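Biologist: I'm new to reading protein models. Could you walk me through this one, feature by feature?

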Amino acid sequence: MSEYKLANGTIITDADIDQIRKEFESESWTGRLERIHHGPAAIADDDLITVTVKFPKSMVAAIDEQANNRSEFIRKAVASCL
């Protein structure tokens, strides 16, 4: 069974998550949501700026063969050079 450490230091398990899910779905959950995040998870603490770049079609095909996410692959490649 996996354990997860929350931002506030609390440790919860898969069983805890399943129990909370059941209570939430049955509308008997008495917990409180502290923060609801909309959109994808943040990838950096710094502000993000869009940079448009063009690559040869063959290079994009090679990236797609190696990665599930082009942007993440390119970010990691650039970061490894800085």
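What follows is a chat about the fold, the surface and a few chosen residues.

Biologist: Before we dig in, what kind of model is this?

Modeller: It's a predicted model, so keep that in mind as we go.

Biologist: Okay. How many helices and strands are in the protein chain?

Modeller: Start by counting the pieces, then read their order. Here the protein chain has 2 strands and 3 helices. Going along the sequence, the pattern is β-β-α-α-α, with the strands ahead of the helices.

Biologist: And what does the radius of gyration tell me about the protein chain?

Modeller: The trick is to set it beside the value for a compact globule with the same number of residues. For 82 residues that would be near 12 Å, but this protein chain comes out at 20 Å. You can also look at the box filled by the C-alpha atoms, which is roughly 55 × 30 × 20 Å along the principal axes.

Biologist: What share of the residues is buried?

Modeller: A residue counts as buried when its relative accessible area is under 20%. In this protein chain, 6% of the 82 residues make that cut. The chain exposes about 7,900 Å², and 54% of that area comes from carbon and sulfur atoms.

Biologist: How many positive and negative side chains are there?

Modeller: Count each set, then ask where its centre sits. There are 10 positive and 14 negative side chains, and the centres of those two sets are 8 Å apart.

Biologist: Let's zoom in. How long is helix H1, and how far does it reach?

Modeller: For a helix, you compare its reach with the span expected at 1.5 Å a residue. H1 covers residues 14–25, which is 12 residues. From first C-alpha to last it reaches 16 Å, close to the expected 16 Å. Ile20 is one of the residues in H1. Ile20 has a relative accessible area of 38%, so it's partly exposed. Thr10 is 10 residues from Ile20 in sequence, and their C-alpha atoms are 15 Å apart.

Biologist: What comes just after H1?

Modeller: Look at Glu27 there, which has a positive phi of about 65 degrees. Notice that Glu27 takes this phi although it's not a glycine. Glu27 belongs to the loop between H1 and H2. Is it tucked away or out in the open? Glu27 is exposed because its relative accessibility is 76%, and the cut-off for exposed is over 50%.

Biologist: Which other residues could I look up in that loop?

Modeller: Try Arg35 and Thr50, which both sit between H1 and H2. Arg35 has a relative accessible area of 67%, so it counts as exposed. Thr50 is exposed too, because its relative accessibility is 73%.

Biologist: How do sequence gaps and distances in space go together for Arg35 and Thr50?

Modeller: Take both numbers for a pair and read them side by side. Arg35 and Leu6 are 29 residues apart in sequence, with 13 Å between their C-alpha atoms. Thr50 and His38 are 12 residues apart along the chain, and their C-alpha atoms are separated by 20 Å.

Biologist: Last one: how many aromatic pairs does the whole structure hold?

Modeller: A search finds 1 aromatic pair. The partners are Phe24 and Trp29, 5.7 Å centre to centre. Their planes are 70 degrees apart, so the pair is edge-to-face, a label for planes over 60 degrees apart.

Biologist: Are those two buried or exposed?

Modeller: Phe24 counts as exposed because its relative accessibility is 53%. Trp29 has 27%, so it counts as partly exposed.

Definitions and conventions: Residues are numbered from 1 along each chain as its sequence is written. This is a predicted model: local features need pLDDT of at least 70, side-chain atom pairs count only at pLDDT 80 or more; totals for chains, interfaces and linings use all residues. Side-chain values use heavy atoms; hydrogens and water are left out. Helices (H or I, at least four residues) and strands (E, at least two) are DSSP runs, numbered from the N terminus. The radius of gyration is taken over C-alpha atoms; the globule rule is 2.2 Å times the number of residues to the power 0.38. Buried means under 20% relative accessible area, exposed over 50%, partly exposed in between (1.4 Å probe, protein chains only). Accessible areas come from the Shrake-Rupley method with a 1.4 Å probe; for residues, only the protein chains shown count as cover. Lys and Arg count as positive and Asp and Glu as negative; His and the chain ends are not counted. The place of a charge is taken as NZ of Lys, CZ of Arg, CG of Asp or CD of Glu. Rings of Phe, Tyr and Trp (its six-membered ring) pair if their centres lie within 6.5 Å; planes under 30 degrees apart count as stacked, over 60 as edge-to-face and the rest as tilted. The expected span of a helix is 1.5 Å times one less than its number of residues.
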